[in-house]
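Q: Please take one part of this structure and look at it closely, in connected prose that a first-year student could follow. I would like to see how the chosen part is placed, what surrounds it, and how it fits into the rest of the chain.

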Amino acid sequence: MKSAILLTLVLWQATPTPEPADPHFFRYQRTITLPTGPGQSCAVLDPALFPHAAPSLKDLRLYQDNREIPYAITLSEPQQPDSDTATIRNLGLRGRNIVFDLEMPNRPYTELTLDLPERDFIATATVSGTRDPNYANQTRLGEFTLFDLTSQRLSRSTTIHLQETSLPYLHIELAISPATGTHTLDTSPQALQKMVQSVTVPPSREAQSLYTTAAEASSITRRDRQSVAIFNLPERIPIERVSFALAPNFKANFSRDVSISDHPTATTNAADSLGETLSGTILRVHLTQAGREIRQEQLSVPATLGSNMQSTATVEVAVNNGDDAPLPITAVRLETRQRKICFDAPAAQPLILFYGDVALTAPQYDYTRLFSPSGEFHTAKLSPEQLNPAYRDRPDARPLTDRHPHLLWIALLIVICILAIIAIRSSKTVHH
């Protein structure tokens, strides 16, 4: 019975209770100013905050006149995160041109991606749109060049870039011809009619993510046939895109594969030290072929790294040049999606954002649960990081057995000894 009571007390002591937030126990603070007075406001959180905050920013607390202010954290992302498929109608030929109608998804859009299985071609897509389901009263939306220059070691683009529109019906006429120097394209009527397989509608460009630079490298080294940039990334900074800047006077066309790898640098666990490698492509195509002008440039690579790590990390970005001259890269940037802290300030006075208390759990606010982002928030300004002048160490509130684990073993040994003595005495009593 006594041992059961002792075990119960030990388990009770080992159950932690959530720590309350107290401004004295935060190591860091920042001032948030409200240029337009009280009301719904948002301030951008810069990447330098992440290394000094707890994982997932769970220790962020906002105060105004010693009163805790509820908040919500937003993440920049497309309002329409997924692609849709347009419905193809009336696919056929007009002379040697492919013609078809599209029924579009019920939302704004800026791009159409055509699934064209052929290679080595140049095409002109003439696009018009209407709100009439009979495709009458069409409005011309423009001419767009699509291409595949695989044999020229350049890129491929079958995406039509529009101004944002929500027209429900489109009509497309596609004039297609072989790329310069190639003769592999089958332009027979039977092949042309099978060329358009499907049409995908990506999220609108007008609602795409905003990014903030987390780290930048302007020193690019050569290694074999690669151009390499190396970053020492502080802990817990999420990286979601890698962007490249080229010398302004560089006008050449190119298509280069990119590899991005990360390795934690402050871990003693061999399994945690294993990195990851991602890949992508950067390119530029500015030329005229078959009487058509081609303009395409892509100087960033999506890269959601596992470097939202709990230790520092080494990130390596390598551009594979092959047999071509290295690109004149002036900067490589690791970027994170923009995050904002949003709140409803009851007064016009500045607020203080505190962080750096790892003992805290994430707050549970009604404001966060009911928060809905809108464009009507005031823009607040976040000041540079400062040490909290009132900081002091939080008292160690861990159970006694956590702070002094050897006491548990001592207690267990005492219990064993007591039980052994009781057993010996009981044995002697039986013999007598």
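A: Rings of Phe, Tyr and Trp are said to pair if their centres lie within 6.5 Å, and planes under 30 degrees apart count as stacked, over 60 as edge-to-face and the rest as tilted. With that rule in hand, it can be said that the structure, which is a predicted model, holds 8 aromatic pairs. One of them is formed by Y367 and F371, whose rings are 5.7 Å apart from centre to centre with 40° between the planes, so the pair falls in the tilted class. The ring of F371 also pairs with that of F377, and because the planes of these two rings are at 45°, with the centres 5.5 Å apart, this pair is tilted as well. Y367 and F371 are both buried, and F377 is buried too, because its relative accessible area is 17% and the limit for that word is under 20%.

The part to look at closely is the residue that meets two of these aromatic residues, namely Q40. Q40 lies in strand β2, which runs over residues 39-45. Leaving out residues up to four places away in sequence, Q40 touches F343, D344, Y367, F377 and H378, so Y367 and F377 of the ring pairs appear again among its contacts. With Y367 the link is also polar, since the side chain of Q40 makes a polar contact of 2.8 Å with the side chain of Y367. Q40 itself is partly exposed, because its relative accessible area is 31%. The C-alpha atoms of Q40 and A380 are separated by 9.6 Å, although the two residues are 340 residues apart along the chain.

Strand β2 has a second link to a part that is distant in sequence, and this one is covalent in kind: C42 and C342 form a disulfide, with their sulfur atoms 2.0 Å apart. The structure holds 1 disulfide, and its geometry is right-handed, with 110° about the S-S bond. C42 lies in strand β2 and C342 in strand β25, which covers residues 339-345, so the pair ties together parts that are 300 residues apart in sequence. Both C42 and C342 are buried.

Strand β25 leads on to the nonpolar interior. The largest nonpolar core has 55 residues, and those that touch the most other members are I32, L60, F244, V317, F343 and L353. Strand β25 gives the most to this core, with 4 residues. F343 is also among the residues that Q40 touches. V317, another of the core residues named above, is in contact with S227, V228, A229, F231, V242, F244, V258, S259, I260, V332 and L334, leaving aside neighbours within four places in sequence. Apart from this core lies another, of 28 residues, among them L102, M104, L146 and L174. In soluble globular proteins, nonpolar side chains tend to be buried together.

A useful contrast to Q40 is E335, which is found in strand β24, residues 329-337. E335 is buried, because its relative accessible area is 8%, whereas Q40 is partly exposed. Leaving aside neighbours within four places in sequence, the contacts of E335 include Y211, P238, E240 and R241. The side chains of E335 and R241 are joined by a polar contact of 2.7 Å, and the charged end of R241 in turn sits over the ring of Y211, 3.9 Å from its centre. E335 also has P47 at 9.0 Å, C-alpha to C-alpha, while the two are 288 residues apart in sequence.

How do these local views fit the whole chain? The protein chain has 5 helices and 29 strands, and buried residues make up 41% of its 432 residues. Among contacts between residues at least 6 apart in sequence, 81% join residues at least 24 apart. The contact between Q40 and Y367 and the disulfide of C42 and C342 are two examples of links between residues with distant numbers.

Two loop residues complete the picture. Most residues other than glycine have a negative phi. N137, in the loop between β9 and β10, has a positive phi of about 55° although it is not a glycine, and N137 counts as exposed because its relative accessibility is 69%. R236, in the loop between β17 and β18, likewise has a positive phi, of about 70°, but R236 is buried, with a relative accessible area of 12%.

Note on methods. Residues numbered from 1 in each chain as written. Predicted model: local features only at pLDDT ≥ 70, side-chain atom pairs only at ≥ 80, totals over all residues. Heavy atoms only, no water. Buried < 20%, exposed > 50% of the residue type's maximum accessible area, 1.4 Å probe, protein only. Contact = heavy atoms within 4.5 Å. Polar contact = N/O pair within 3.5 Å; in protein donor to acceptor, adjacent residues only side chain to side chain. Phe/Tyr/Trp six-rings, centres within 6.5 Å; stacked < 30°, edge-to-face > 60°. Lys NZ or Arg CZ within 6 Å of the ring centre and 35° of its normal. Disulfide = S-S within 2.5 Å. Core = buried A, V, L, I, M, F, W, Y, C linked by side-chain atoms within 4.5 Å.
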